[in-house]
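This briefing collects selected local features of one model and groups them by topic. Please read it alongside the sequence and the structure shown here.

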Amino acid sequence: MDNIQNVKIIIFSSSSFIIMIIMSTKWSFLLLLAVPLALIGPTQSFKPLFVFNGNSISHREITTRAVLRKTAEVCQSIAAAEGRDFSLTIDDSLTAERVHKACSSSRKSASLMSSVYFYGSIAYIYLSNANVDLVYALSDKHHFDSETFQKGRDLITQGVSAVKASVKLENFIAGRSTLGQLCHTLQDFYSHSNWVELGYTHPYNVLIKPDKPLENLAGPNVPTCRNCAGKNCNNNLLPDVLEKRLLTSGYFNIISSEKPEGKCSHGGCLDQTSKQDPVGGINKDDIRSSHGSLHNQSANLAVIATMQLLEDIRLAVGEKNFLRLMGLSQSSVLCFVFDTTGSMRDDIAQAKTVAFNIIDSKRGTLQEPSTYILVPFNDPGMKCFGPLLTTTDTDIFKERIDHLTSSGGGDDPELSLSGLQLALTAAPPLSEIFVFTDAPAKDAHLKSTITALIESTKSVVTFLLTDVLSSRRKRSLQDVLPRVVSQTDVQLYRDLARASGGQAIEVSKSDLAVATSVIEDSLGSAMVTVFQGVRNPGKPAHFTFNVDGSLTNVNIYITGTSSLTFNLISSTGISQSSSESSGPLASLKLAGNLRRLRLNNVSETGLWKISVDSYDLYSVKVTGQSPVNFIYNLVEAYEGLHADFFLKEGRPLSGGKATLLVTVTGSESVNVTEVTLCDSSSQTKVNGTLQALGGSNFLVTFIEIPTGDFVVRLRGEDRSSSSRSAPSRFQRQASTQMKTSSISLTAEANSTNIEPGSTTSIRFTVSSTASGVGKFNVRATNDRSFDSTSPSSITIKADSRGKANGTVTLTAPDSAASGTDVTITIEVEDAAATDINYVVLRFSVTAKVTDVNGPVCQEASTSTNCSSSSLCYSSQWEFVANVTDGVTGTGIERVTIREGNGTLHTTTVVGPEGENITVASYQASCCADRVELSVVDNVGNVGICVGQVRQSTTVAPVTPANVTIYTTSTGGHTLSTTLCVWITVVTLPLWK
């Protein structure tokens, strides 16, 4: 059983033992294994997330260091090309805050830029990295265990191809997920192999260069280790292995002690092979490991190797898209979901006007959206929602909106939730989405799916509902029948808005222009939620919130019936009532059920209060602009093979504990004093216990969780936001509501990549803390309408140890483009339909990698008039290269200047063997006597041409030139060949 893969471990713990049920999908067997709890100790890989001894380095730290350093290098390169200074030392001491600030320094008012997307993207990458230790714990190839070098490299090759394909289609979320996973495998090589012990001080670049052979591997029958001397394993590698520099890695198995004779083991208390001769291990996972003295050296090599991987991706996708992949977006996303039925003609016209005004006013400013997303939807009879448009080009977005037309209609409900589902999976996490409609949802059955996606993405959804509670006028041209939308229909939108922290704004068509001011407000840079509360059923209440010194442009939104009244009181005691449209504290605008107050002056920092008098449903939301914000992720502790915290999908269990990984953004001088879970409809709150993790990261543990809906609220002190000696107190609140469930649902797939035309299986397990046994309804939906199968229900039986298993399949069509992402949501609901839990999984459609060879670059000619006897700017030189991807390659996609200040022209000619040849001609002044050209083929393989001209002491008819030709493939390793040629002043013909 040495090659067991796709094994699932179910762990039951007691005070002295952990019982592991090990189930394999490859072999039909069930094994109960009792492991003494005292043995759970050293990890079997770099620690996934957290290291509490302060001396070892985790996958999270390795990944974060590499991302920050490479991102800083890219920003430095961009600054140099633009002639700007970049004053940041690039080393392992970098923080996300400093990198974000330095990369944003080219823009005005950089202090108002939000780093929350950058922090969130880095967290998404390292959480995906850590998840490999949970989902693929016993897969040798995911960790380079048991000498699986070829299979491990194949995983990296496929992963890099998937990342590049995802970025090419601007599917950055899927790209980050795959990137995190493949980084884990790459990083484990340096801990699990003997690369460091062989004396190498540089990464093994062949791992990210699939067109080069893996060489000097220890054969399957070659002994590699001897017994450790007691607990000392420093010299357990055989001298012959070290002398010949044979590459090996440790064998690992938690069940069997069998391994090939004479082979090294991974080591550690759970590795049964390390108990068989040769005993001991060679892993360097932490400082306590078998070769722990080399832990820091292997971790540092893992950082450099990850940077080289990132560099290859950067060259393939370009600097702008690379920064977007890293989450270095400078502004928010503008996302519209439009009802295009006939009755929406006036609304579409008004929305066009609003959208064009926003786009034109924000273009070229800090508030210009980084991405534009548009999803139209229509009647079920037309079976129409989408197509999805995602673009960074404002003109394309305006053109698509301008071509929106109203059609269909009548008295049928519409596919509003199907359109919203597409928007939620396309938009980045933490986005604001605006839905325009005047009709009920025909697809109301998707409510729980939409709620799951809202909770998973933490995006905010605001509905602009026009004339939803009044009869529509009949439009004879469109033959639209009048109708009335019921309170039940409207309540669905209210519920979804509330779950996301958005608003359900109910207005007449004539007031829509006023209501859309919330869209402009949301596009402000560094928007934060200070406070949000809901009363349902309504009752008079007092709400307090802190205005801190970093806040500007504070808005208060109140939704409720026309009878609602309020009174606002500042920190100095000044008050303003709801009857004052322009009072001492704020200006007030009314639109339907929305009241929008903009504070006149936020210099009055401190505790403010707003009192609301209403017995109907209402909500209060306070927002502003500030660089200080926070992100959080629900994590769960796991014992056993990789004892650590991992990302928790879905809802936390009722009656249990909860742990949040919280990161404060926007300031490095913040002191977090309180993190609470607050019931959004009452005054109930639960305080968490904070554990500082270094920097601005905190692990927050709650011994209990509020019942019902709740939100995360953070309070702290920030010394950077005020010049006064006393720190400024601040509060921030997460928009997304959370809730608990008595249903536990876990799911896993063999891979997150699907080839076109293939089917993947997703195995899921259900248990319940409430009923223990019984029938549960199952729903599985995906946002691409791919073919999928799932059971309609699942039953936990009395003799099933409290669990039931099922399988969902997902099939990618043959026509699916490589890089397409698909999000599948699996929901499990109790028989009474009163409790539900979910998991959200993302997959990437990735074509099988067949082209691993990078473009070939060959110098054709260099001509120069450069001379030390003349001013460099008065002379020119030219470098001409022929670039080809070969007859069997995928073709050249682009050639760009990576380094150089000249101009580049490209043409395409047909070579002697019928291959397309791109002729790249570069001209520059002699002041810039070196050029690097980056060449990318259609699947992301990269080639680099480097040309350099030497200056002669006198004007001569010939000039020696050194041309270095680099070729890199999907992995990014560079192979150099230096050619010394004599070239005449006149450009040589390309073809003889």
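Ser459 is buried, with a relative accessible area of 0%, in a model that is predicted. This residue belongs to the loop that runs between α12 (447–457) and β8 (460–466), and its side chain reaches the backbone nitrogen of Ser431 at 3.3 Å. The points below turn to aromatic residues, a helix and two groups of strands.

**Aromatic pairs and their cluster**

- The structure holds 20 aromatic pairs, and one of them joins Phe149 and Phe189, whose ring centres are 6.1 Å apart and whose planes stand at 70°, so the pair is edge-to-face.
- Because Phe149 lies in helix α4 (residues 149–168) and Phe189 in helix α5 (residues 172–192), this pair ties together parts that are 40 residues apart in sequence.
- Both Phe149 and Phe189 are buried.
- The rings of Phe189 and Tyr190 also form a pair, with centres 4.9 Å apart and planes at 85°, so this pair is edge-to-face.
- Tyr190 is buried, as is Phe189.
- Phe149, Phe189 and Tyr190 are among the members of one aromatic cluster, which also includes Phe144, Trp195, Tyr200 and Tyr204.

**Charged ends over rings**

- Tyr200, which is a member of that aromatic cluster, has the charged end of Arg245 sitting over its ring, 4.2 Å from the ring centre.
- The charged end of Arg60 sits over the ring of Tyr126, at 5.9 Å from the centre of that ring.

**Helix α3**

- Helix α3 (residues 116–135) has 20 residues, and the distance from its first C-alpha to its last is 28 Å, close to the 28 Å expected at 1.5 Å a residue.
- The helix α3 is mostly covered, since 15 of its 20 residues are buried.

**Strand β21 and its partners**

- Strand β21 (residues 658–665) is mostly covered, with eight of its eight residues buried.
- Which residues cover the two faces of β21? On one side Ala658, Leu660, Val662 and Val664 are buried, and on the other side Thr659, Leu661, Thr663 and Thr665 are buried, which leaves both faces covered.
- Strand β19 (residues 629–638) is joined to β21 by seven bridges, and the two strands run antiparallel; here Asn633 stands opposite Leu661 in β21.
- Strand β25 (residues 697–702) also pairs with β21 in the antiparallel sense, over six bridges, and in β25 the bridge partner of Leu661 is Leu699.
- Leu661 of β21 thus has Asn633 opposite it and Leu699 of β25 as a bridge partner, and Leu661 is itself buried.

**The four-stranded open sheet**

- An open sheet of four strands follows the order β37-β38-β41-β40, and its pairing is antiparallel.
- The edge strands of this sheet are β37 (856–864) and β40 (903–910), each of which pairs on one side only.
- From one strand to the next, the twist averages 20°.
- Strand β38 (residues 876–884) pairs with β37 in the antiparallel sense over eight bridges, and Thr884 in β38 is the bridge partner of Val856.
- Strands of a sheet pair through backbone hydrogen bonds, in either a parallel or an antiparallel arrangement.

Definitions and conventions:
Residues numbered from 1 in each chain as written. Predicted model: local features only at pLDDT ≥ 70, side-chain atom pairs only at ≥ 80, totals over all residues. Heavy atoms only, no water. Pairing = 2+ DSSP bridges. Axes fitted to C-alpha atoms, helices over the stretch in contact; angles between N-to-C directions. Phe/Tyr/Trp six-rings, centres within 6.5 Å; stacked < 30°, edge-to-face > 60°. Buried < 20%, exposed > 50% of the residue type's maximum accessible area, 1.4 Å probe, protein only. Lys NZ or Arg CZ within 6 Å of the ring centre and 35° of its normal. Expected span 1.5 Å × (residues − 1). Polar contact = N/O pair within 3.5 Å; in protein donor to acceptor, adjacent residues only side chain to side chain.
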